[in-house]
Amino acid sequence: MKKIRPPLGSKSNILTQKKILWSIMASIKFLFCIFEKFFSHQLHRFVTKYMQKFICFMSPYIHITFPDLISGRYLRRIGVYTCIQSYLSAKLSERAKRLNAEVVENSQTPLVLTMGDNEEIIDKFNGVKVWWVANHTSQKDLDDKSSLTLTFHKRYRGLITTSYIQYVLDEGKAIAMKNRKLKLYTNNPSDDWRIYKRKWSCITFDHPARFETLAMDAKKKEEIIDDLVKFKAGKEYYAKVGKAWKRGYLLFGPPGTGKSTMISAIANFMNYDVYDLELTTIKDNNELKRLLIATSSKSIIVIEDIDCSIELTGTRKEKKDYVHKGKYSNIEENKVTLSGLLNFIDGIWSACGGERIIIFTTNFVDKLDHALIRRGRMDMHIEMSYCSYEAFKVLAKNYWDVESHDGLFPIIEKLIGETNITPADVAENLMPKSIAEDLETCLKNLIQSLENAKKKAHEKAKENAKDEDEEAQLKEEEEKVEAIENSKENVKKNGVIHEFGLV
Ligand SMILES: Nc1ncnc2c1ncn2[C@@H]1O[C@H](COP(=O)(O)OP(=O)(O)OP(=O)(O)O)[C@@H](O)[C@H]1O
Ligand SMILES: [Mg+2]
């Protein structure tokens, strides 16, 4: 009797196919177990090696693995792995189905989605298809290891290894930079470097200052913004003229005029980290170099109150009775010198990494050594001055969202032109001290402060004038006394000559 075969794709046929597949797999597994059990370790390694070689030879695909090197001590830098992860995360929302969710503290998007284990993403570059796979291995007694593998056809080796990978890194870095929160670094004393294994301590930099809220002359503000924009886009230009990609700003002016606020506004505008360098805790120029080398690119290095932080003569002095590890010794105090600081600003050290802004602030610009602030070192000198009417209007908009007040603004305009008041004082008056205080009360408080400041300035001027008068009078009297003394002396001398003449 003729055996009737079940039609292809019928239920019984699929069942038979499955059975065959299972038996083949079971046989392979069995053979592999025997191979592992009865053959020596060397032979096992030998076969695996040549199997892999054979697969590589037969396969037309190339695999590149990018391991996660940034865990632990590399965490603060945006590494290759993070860049690629950021690039892929941006593509994830449309393509991947298995994702890992991470709550990242220092990111503007607190929930960051990354590829799940063995998840594959297909990307296209100039019409060429590539595959990305996320790998994660956790070994006993060892750290977890993550990596990303890129697979592509060997025909496109040149295109992928040069253009595509660079494109992914650039895009990923831009995304990572945009998403991250800025950091504020402060230098640790060198005695702690070995203990904490870190030269800089950092916290999240979350200052709300923006150029829009900064009270200063609008034209000056525009100039600074233009300068920063030009600097940011100047990579090729700096390379062309053979100059390190850095720019120095000197902010000077009386206390409370917004120098520190300006630094925060620059950091937010440029999206740069801030390194607040405390020179007084640095022992010598060598330490200064090491600290600066440890700063990253796209950062602002700030030295506040430069006139107080460094001995601008550049000389070293002997310090006696210096307490060192409980003993008194007579050692040389190797403070940071002016020449050390100039060396850093000028090039070699600051050129490591590029894209850096250096900002010095001071209340007393005249005290600074000219060499320190000459153009080329401090490229732009920005004077932060007392509050003008224009600056007051910015503050009024910030604090009360008003642009005019018929009765009180004109009075303030007149008074502000006649006296010196810092933006910090104006801001303090504009800030309501209780919920009962309204705009009018704050403006009246400000008028009162302005009148007080005017009165004080007037009294001071009068006192100065009085002092000057008294001084002039005193000088006149001293001159008179001196003249009398001189004439007496002359008489005496002449008399003596006369006596000699007589002899
Ligand atoms: N130009 C300004 N625009 C907006 N706010 C300002 C300005 N100047 C001062 N302020 C306000 O005053 C406060 C103190 O200002 P800031 O610390 O920037 O002054 P500073 O010039 O750095 O003073 P110092 O020389 O004492 O360090 C700021 O927190 C800010 O609220
Ligand atoms: Mg300050």
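Helix α8 spans residues 259-270. It has 12 residues and reaches 17 Å from its first C-alpha to its last, close to the 16 Å expected at 1.5 Å a residue. The model is predicted.

## Helix α8 and its surroundings

Much of the interest here lies in how α8 packs. Its buried residues are Lys259, Thr261, Met262, Ile263, Ser264, Ala265, Ile266 and Ala267. They pack against one helix segment, α6 (218-232). They also pack against the strands β9 (246-252), β10 (273-276), β11 (299-303) and β14 (356-362). An α-helix has 3.6 residues a turn, so residues three or four places apart point the same way.

How does α8 lie on the strands? The helix crosses β9, β10, β11 and β14, and runs at about 170° to β11.

Just after α8 comes Asn271, with a positive phi of about 60°. Asn271 is not a glycine. The residue sits in the loop between α8 and β10. Is Asn271 buried or exposed? Asn271 counts as exposed, because it has 12 C-beta neighbours inside 10 Å, and a residue with 12 or fewer is classed that way.

## The seven-stranded sheet

The strands under α8 belong to an open sheet of seven, in the order β8-β7-β10-β11-β14-β9-β15. The pairing is mixed. β8 (200-204) and β15 (380-383) stand at the edges. Each has a single partner strand, so one side of each is left without a neighbour in the sheet. Neighbouring strands are turned by 20° against each other on average, direction ignored.

Several pairings in this sheet can be followed strand by strand. β7 (residues 183-187) joins β10 through three bridges, and the two run parallel. Within this pair, Thr186 has Asp276 of β10 as its bridge partner. β10 then pairs with β11, again in the parallel sense, over four bridges. Here Tyr275 is bridged to Ile301 in β11. Towards the β15 edge, four bridges join β9 to β15, which run parallel. Phe252 stands opposite Glu383 in β15.

In a regular strand the side chains alternate between the two faces of the sheet.

Lys298 is found in the loop between α9 (285-293) and β11. Its phi is near 55°, a positive value in a residue other than glycine. Lys298 counts as partly exposed, because it has 18 C-beta neighbours inside 10 Å.

## The four-stranded sheet

A second open sheet has four strands in the order β1-β6-β5-β4, with antiparallel pairing. Its edge strands are β1 and β4 (120-125), each pairing on one side only. Neighbouring strands of this sheet are turned by 25° against each other on average, direction ignored.

β4 and β5 (residues 128-137) pair over six bridges in the antiparallel sense. Lys124 has Lys129 of β5 as its bridge partner. Helix α4 (residues 157-179) lies across β1, β4, β5 and β6 (145-153). It runs at about 65° to β5.

The strand pairs described above compare as follows.

| Strand pair | Bridges | Sense |
|---|---|---|
| β7 and β10 | three bridges | parallel |
| β10 and β11 | four bridges | parallel |
| β9 and β15 | four bridges | parallel |
| β4 and β5 | six bridges | antiparallel |

Ser59 lies in the loop between α2 (41-58) and β1 (61-67). Ser59 counts as exposed, because it has 12 C-beta neighbours inside 10 Å. Ser59 and His153 are 94 residues apart in sequence. In space they are 9.1 Å apart, C-alpha to C-alpha.

## The ligand shell

Which residues are closest to ligand 1? They are Pro255, Gly258, Ser260, Pro423 and Ala424, out of 15 residues that surround the ligand. α8 and α15 (423-430) each supply at least two residues of the shell. By class, the shell has eight nonpolar, six polar and one charged residues.

## The chain as a whole

The chain holds 16 helices and 15 strands. Buried residues make up 21% of its 503 residues. Among contacts with a separation of 6 or more, 69% join residues 24 or more positions apart.

Terms used:
Residues numbered from 1 in each chain as written. Chains lettered and ligands numbered in written order. Predicted model: local features only at pLDDT ≥ 70, side-chain atom pairs only at ≥ 80, totals over all residues. Expected span 1.5 Å × (residues − 1). Buried ≥ 20, exposed ≤ 12 C-beta atoms within 10 Å, placed from the backbone. Contact = placed C-beta atoms within 7 Å. Pairing = 2+ DSSP bridges. Axes fitted to C-alpha atoms, helices over the stretch in contact; angles between N-to-C directions. Near = placed C-beta within 6 Å. Nonpolar A, V, L, I, M, F, W, Y, C, P; charged D, E, K, R; others polar.
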